[in-house]
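Reader: Could you take me through one part of this model in close detail, and then connect it to whatever else stands out? I'd like the empty spaces looked at first, and then the charged pairs and the odd backbone spots.

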Amino acid sequence: MLDQNGLKKQKIDTLDLRYHLLLMLLPLLLIALLFWVTSPVGELPWLQWGGVSVIYFMAYSLGYFVHQGRLGRLWQHLEQVLGINEATFELVHLSSQYETEHAFLNALLSKAVAMIDGAEMGSIILVEPGSNKLHFEAAVGLDMTKLQQLNMTLEQSFAYRLTSGRCNRVVVVNDMRKLNAQSGLSPEAQALLLNAATPPIRATLSSPLHIDGKLYAMLNLDSSLVASFSNYDRDLVAILTHEAANAIALYQKSRQIHRLANFDSLTGLTNRKYFEEQALKWQPKNNIESMLVLLDMDNLKKINDSLGHGAGDFALKRLATELKLGFPTPSLVSRFGGDEFVLLCYGSETWLRERLRQVESKLTADKVAVYFSAGIAPFNGNVEQSLRLADNQMYQYKKARKSELK
């Protein structure tokens, strides 16, 4: 039959009954033969033979149960290791469902706490590059409000002290009350750290997470019981954090690829491809209109020619920033390319025109003034049709005010 990890769990550690009988009876028969050969003719010492047989049977049974127990523990270890691999594979495989790294780390921590028997709670503490400041990024069973009040550095952590600053191995602390006194933290900070959970933390297992050769974070698993983590747990967490580091690195790379594929590097807005994908998922509302706006800068060439392309890039970023501020989520704001932008939002055309006028008013007050023309069209799910209508209106609007910018 298949176990939960998909393995065919055969009874490779168990012999058939007939083999057990053979292994027990054959030696007993050989012992009886030995007694018969060495005893006087016609006499067999049944009592001695019986005693030897009982001793042999007890020794065989004890050896069998010890062997079975050891194999059972080895199988349990294999199942846990496979569970770790399966969990990290699942996280990586489903990484696209996590919008932020924070959500991904929370999911990873939850799986880690569930996998280690002694763990009741835990946290992932990010290490800020350069300053080595510690930041509690994810927590299970702990009060994040209390943890985020702590102002700690890596040098104040017990993992740093117990590894002589290398942070290169898993460490187990059986009684946190004794160790925190040596941390250099104030008594208030120590109490805050220990009492971030109810009941308080008494034992901790901490493992470093290295990504691309640099210390990225510390994975801490905690318990309310003293000495609740064994060397076996430490070894298991070493495997877990190795896989977790790979999962985090792959997640970061997948998000980077996602961003490169779907976002404009200059303005930070989504690109046309992403906009069109999301527009297909747009949910109309019965009581309010959905409108598509196509917007084009009127004076980008003039800015580039007179002030340089750096000023032109700055103007594009300023326009993108004001559009994001003026039309927050659930509106979609994207750069279509060049000096052309598009947005999809809820509201009437009159309301949109007023909001766009406010955006342009802010931009024209800047040292590098930005002007734009906009066309507005109703959106009913057909992106191309709405774009065509908005483009026609924008062209007429641009034509009407072109003389203003000469």
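Author: Here is a walk that starts at the largest pocket and moves outward from there. Keep in mind that this is a predicted model.

Let's start with the pocket itself. The largest pocket holds about 380 Å³ of space. Its lining is made of 17 residues, and those closest to the centre are Thr329, Pro330, Ser331, Leu332 and Val333. If you look for elements that give two or more residues to this lining, you get helix H9 (272-279) and strand E7. By class, the pocket lining comes out at 9 nonpolar, 6 polar and 2 charged residues.

Two of those central names deserve a second look, since Thr329 and Pro330 are joined by a cis peptide bond, with omega at about 20 degrees. Pro330 sits in the loop that runs between helix H11 (309-326) and strand E7 (332-337). So what you have close to the pocket centre includes both partners of a cis bond, Thr329 and Pro330.

While we're on cis bonds, Thr198 and Pro199 are also linked by a cis peptide bond, and omega there is near 0 degrees. For Pro199, the place to look is the loop between helix H7 (187-194) and strand E4 (203-211).

H7 and E4 bring us to the enclosed space. How many cavities of 30 Å³ or more does a search of the whole structure find? The count is 1. This cavity has about 270 Å³ of space. Its lining takes in 25 residues, and the ones nearest the centre are Ile125, Phe136, Phe158, Leu193 and Asn220. At least two lining residues come from each of E1, E2, helix H5 (158-162), helix H6 (176-180), H7, E4 and E5. Sorted by class, the cavity lining has 15 nonpolar, 8 polar and 2 charged residues.

Some of those strands also border loops with unusual backbone angles. Asn132, in the loop between strand E1 (121-127) and strand E2 (134-140), has a positive phi of about 60 degrees although it is not a glycine. Asn132 is partly exposed, at a relative accessible area of 23%. Ala227 also isn't a glycine, yet has a positive phi of about 55 degrees. You'll find Ala227 in the loop between strand E5 (214-223) and helix H8 (231-262), where it is partly exposed with a relative accessible area of 47%.

Now for the charges. The structure holds 11 salt bridges, and a few are worth zooming in on. Head back to helix H11, next to the Pro330 loop: Arg318 forms a salt bridge with Asp366, and their closest N and O atoms are 2.7 Å apart. This pair ties together distant parts of the chain, with Arg318 in helix H11 and Asp366 in the loop between helix H12 (349-364) and strand E9 (372-378), 48 residues apart. Is Arg318 buried or exposed? Arg318 has a relative accessible area of 17%, so it counts as buried. Asp366, on the other hand, is partly exposed at 24%. The pair isn't on its own either, as Arg318, Glu322, Lys362 and Asp366 are linked in a network of salt bridges.

A contrasting case is the salt bridge between Asp305 and Lys301, where the closest N and O atoms are 2.9 Å apart. Why are these two about one helical turn from each other? Because they are 4 residues apart in helix H10 (residues 300-307). Both Asp305 and Lys301 are exposed.

Then there's Arg234 with Asp235, whose side chains meet in a salt bridge at 4.0 Å, N to O. Arg234 is partly exposed with a relative accessible area of 31%, and Asp235 is partly exposed too, at 44%.

One last stop, toward the start of the chain. Tyr19, Leu22, Leu26, Leu30, Leu33, Trp36 and Val37 form a nonpolar patch on the surface, and together they have about 750 Å² of accessible area. One of them, Leu26, is in helix H1 (residues 17-38) and counts as partly exposed at 43% relative accessibility.

If you want a route for your own viewing, begin at Thr329 and Pro330 by the pocket centre, then step to helix H11 for Arg318 and its partner Asp366, and finish with the cavity around Ile125, Phe136, Phe158, Leu193 and Asn220.

How values were computed
Residues are numbered from 1 along each chain as its sequence is written. This is a predicted model: local features need pLDDT of at least 70, side-chain atom pairs count only at pLDDT 80 or more; totals for chains, interfaces and linings use all residues. Side-chain values use heavy atoms; hydrogens and water are left out. Buried means under 20% relative accessible area, exposed over 50%, partly exposed in between (1.4 Å probe, protein chains only). On a 1 Å grid over the protein atoms alone, a cavity is a set of points where a 1.4 Å probe fits but cannot get out, and a pocket is an open set with protein on both sides within 12 Å along at least five of seven lines; lining residues have an atom within 4 Å of a point. Grid points are joined across faces, edges and corners, and a volume is the space filled by probe spheres set on the points. Ala, Val, Leu, Ile, Met, Phe, Trp, Tyr, Cys and Pro count as nonpolar, Asp, Glu, Lys and Arg as charged, and the others, Gly among them, as polar. Patches are made of residues with over 30% relative accessible area and no salt bridge: like charges are joined within 9 Å, nonpolar side chains (Val, Leu, Ile, Met, Phe, Trp, Tyr) within 5 Å. Accessible areas come from the Shrake-Rupley method with a 1.4 Å probe; for residues, only the protein chains shown count as cover.
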